[in-house]
Structure formats: C-alpha cells, structure tokens
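Visitor: I would like to learn how to read a protein model, feature by feature. Where do we start?

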Amino acid sequence: MILIVFKYLTPRGFRGLTFFPFVFLTDKDDKLNTVFINHEKIHIRQQLELLILPFYIWYLTEYLFRLIQYKDRKKAYFNISFEREAYANEKDLNYLKKRSFWNFLKYSYFN
C-alpha cells in the first residue's frame with residue numbers, strides 16, 4: 001500500500017480513495033490515523049481478492065443499483081457491500097488477520 005496525499009484525485013466529501021496499490025488522501029494527517037488506514041487496507045484486500053478490475057466493476061454496479069434503490073448518493077455509498085464491511089471492521093486492527101476470503105459477501109443484501 002502506497003499512501004499519497006493528493007486531494008485532487010479524491011471525490012469531494014471523501015477523505016481517501018483506494019486504487020490498488022495506492023491510497024490517495026486529502027489530508028496528510030490521515031497517514032497517522034490507524035482506523036482510517038485500516039479501512040483502506042480492507043479495500044486493498046477486497047481489490048486483490050477480485051483481481052482489481054472486477055472490484056471496480058462490481059463496486060460501480062452496486063453503487064448504481066443502490067442509487068436507484070435509495071435515490072440518495074450518500075445512502076447508496078454506505079450500503080455498498082465493500083463499504084459496509086470496511087466501516088463495520090475498521091476499528092478492529094486485527095481484522096485482516098482473521099478475515100475470510102470474499103468476506104464482503106456477508107455484508108451484501110443477497111445473503
């Protein structure tokens with residue numbers, strides 16, 4: 001994981017964007033935020049599991065589905081299975097050591 005502070009690549013309203021192997025941050029102080037970094041590490045693992053490109057296709061497809069479902073961008077974002085897993089486990093700094101393969105599926109609404 002390579003941390004880069006470059007606020008112009010991060011969408012407005014977000015603190016970071018993970019694009020394997022890079023994590024783009026809007027604020028250099030977030031490099032020291034262990035919970036935030038753990039959240040982004042979870043996304044790195046998700047991306048690796050799906051061989052990177054399929055992750056982005058799945059992420060975008062699910063976001064669009066949730067946007068139609070909720071008619072609210074923020075609510076759509078927070079209900080993407082990848083985000084649900086990351087937010088639910090970001091405070092557990094040992095999560096990635098015990099996480100099972102494709103665990104994000106447990107956070108989907110199809111389960």
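Guide: We start with how elements are named. Helices and strands are DSSP runs, numbered from the N terminus; a helix needs at least four residues and a strand at least two. Loops are then placed by the elements on either side. Leu51, for example, sits in the loop between α1 and α2. Keep in mind that this is a predicted model.

Visitor: How many helices and strands does the protein chain have, and in what order do they run?

Guide: There are five helices and three strands. From the N terminus, the order is β-β-β-α-α-α-α-α. The radius of gyration is 14 Å, close to the 13 Å that the globule rule gives for 111 residues, so the protein chain is as compact as a globular protein of that length. Its C-alpha atoms fill a box of roughly 35 × 35 × 25 Å along the principal axes.

Visitor: How much of the protein chain is buried, and how much area is exposed?

Guide: Buried means under 20% relative accessible area. By that cut-off, 38% of the 111 residues are buried. The chain exposes about 7200 Å², and carbon and sulfur atoms supply 63% of that area.

Visitor: What about charge: how many positive and negative side chains are there?

Guide: The protein chain carries 18 positive and 11 negative side chains. The centres of the two sets lie 2 Å apart.

Visitor: Which residues make up the largest nonpolar core?

Guide: A nonpolar core joins buried residues of nonpolar type through side-chain atoms within 4.5 Å. Here the largest one has nine residues: Leu50, Phe55, Tyr59, Tyr63, Ala76, Tyr77, Ile80, Phe82 and Phe104. Helices α2 (53-70) and α3 (73-78) each supply at least two of them. The most come from α2, with three residues. Take Ile80 as a sample: leaving aside neighbours within four places in sequence, it contacts Tyr59, Glu62 and Tyr63. A second, separate core has five residues, including Ile42, Tyr95, Leu96 and Tyr107.

Visitor: Now a charged residue. Is Glu85 buried or exposed?

Guide: Glu85 is in helix α4 (residues 81-89). At 0% relative accessibility, Glu85 counts as buried. Setting aside residues up to four places away in sequence, Glu85 touches Ile42, Gln46, Tyr95, Arg99, Asn103, Phe104 and Tyr107.

Visitor: Which residues of α4 are buried, and what do they pack against?

Guide: Ser81, Phe82, Glu83, Glu85, Ala86 and Asn89 are the buried residues of α4. They pack against α1 (34-49), α2, α3 and α5 (95-98).

Visitor: How should I read backbone angles?

Guide: Begin with the usual case. Most residues other than glycine have a negative phi, and most peptide bonds are trans. Then look for departures.

Visitor: Where is there a cis peptide bond?

Guide: It joins Phe20 and Pro21, with omega about 0°. Pro21 is in the loop between β2 (16-19) and β3 (22-25).

Visitor: And what is phi at Leu51 and Lys71?

Guide: Leu51 has a positive phi of about 60°, although it is not a glycine. For Lys71, also not a glycine, phi is near 55°. Lys71 lies in the loop between α2 and α3.

Visitor: Are these two residues buried or exposed?

Guide: The cut-off for exposed is over 50%. Leu51 has a relative accessible area of 68%, so it is exposed. Lys71, at 71%, counts as exposed too.

Definitions and conventions. Residues are numbered from 1 along each chain as its sequence is written. This is a predicted model: local features need pLDDT of at least 70, side-chain atom pairs count only at pLDDT 80 or more; totals for chains, interfaces and linings use all residues. Side-chain values use heavy atoms; hydrogens and water are left out. The radius of gyration is taken over C-alpha atoms; the globule rule is 2.2 Å times the number of residues to the power 0.38. Buried means under 20% relative accessible area, exposed over 50%, partly exposed in between (1.4 Å probe, protein chains only). Accessible areas come from the Shrake-Rupley method with a 1.4 Å probe; for residues, only the protein chains shown count as cover. Lys and Arg count as positive and Asp and Glu as negative; His and the chain ends are not counted. The place of a charge is taken as NZ of Lys, CZ of Arg, CG of Asp or CD of Glu. Contact means heavy atoms within 4.5 Å.
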